[in-house]
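Got the viewer open? Let's walk through a few spots, one selection at a time.

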Amino acid sequence: MVPIGITAHYEASMFAARIMVRQRSGLIVNTSDVYQGAPKPDGSDPENVFLGVPYCMAKAAIDRMTVTMATELRPYRVAVISLDPGVVLTDYVKELRRKVQTGQWDPSEQKFIDILKPVFESNQAYSIETAGRAVVALATDYNLIRYSGKLLSSGQLSAKYGFSIE
């Protein structure tokens, strides 16, 4: 994940940036994770630390790249943002949700269940379309540049722009 994920984000961003600098506008969106294994604001351990060092390293590197690119591209009105899509209702996550609802899961899934159960209970899992709606909302915001260099979540953007998470 580390070399491939970081390199893919970098290469795609640089290719897009060349085009956007010429047109003097644009939006580059990198995928991230709000918690990426960092301690919570209260100092407690993050829930997703089980995802491991490579995952957390890759997400932290992508966020740092986002901040640096945002600074370099701001004069050209190119915004660069890290977007946390949240817990996405993929087929696997939907299956885990069903298992939580029935109370029947394999012991090997316990870590995922422990993390996802509160997400399911609070209805904070998002459709696969939600991140796309977030990008559209950002791309159509006349004052998009104010978000450049920021780590935003689909949930935050849904609340701000009013699009559906379902």
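A polar contact here is a pair of N or O atoms within 3.5 Å, where one must be able to donate a hydrogen and the other to accept it. Keep in mind as you click around that this is a predicted model.

Start with Gln110, which you'll find in helix H4. Show its side chain and look for two partners. The side chains of Gln110 and Trp105 are joined by a polar contact of 2.7 Å, and another polar contact, of 2.6 Å, links the Gln110 side chain to that of Asp114. Is Gln110 buried or exposed? Neither: its relative accessibility is 30%, so Gln110 counts as partly exposed.

Next, select all of H4 (residues 110-121) together with helix H3 (residues 91-102). Their axes sit 10 Å apart and the packing angle is about 85 degrees, which makes H3 and H4 roughly perpendicular to each other. Now turn on the side chains where the helices meet: Tyr92, Val93, Leu96, Arg97 and Val100 come from H3, while H4 brings Phe112, Ile113, Leu116, Lys117 and Phe120. Color that contact by residue class and you get eight nonpolar residues, two charged and no polar ones.

Last stop: jump to Ser32, in the loop between strand S1 (26-31) and helix H2 (53-73). With a relative accessibility of 4%, Ser32 counts as buried, because the cut-off is under 20%. Select its neighbors too: leaving aside residues up to four places away in sequence, Ser32 touches Lys59, Asp63, Ser82, Leu83, Asp84, Pro85 and Leu151. Zoom in on Asp63, whose side chain makes a polar contact of 2.6 Å with the side chain of Ser32.

How values were computed
Residues numbered from 1 in each chain as written. Predicted model: local features only at pLDDT ≥ 70, side-chain atom pairs only at ≥ 80, totals over all residues. Heavy atoms only, no water. Helix = DSSP H or I, 4+ residues; strand = E, 2+ residues; numbered from the N terminus. Buried < 20%, exposed > 50% of the residue type's maximum accessible area, 1.4 Å probe, protein only. Contact = heavy atoms within 4.5 Å. Axes fitted to C-alpha atoms, helices over the stretch in contact; angles between N-to-C directions. Parallel < 35°, antiparallel > 145°, perpendicular 65-115°, else oblique. Nonpolar A, V, L, I, M, F, W, Y, C, P; charged D, E, K, R; others polar.
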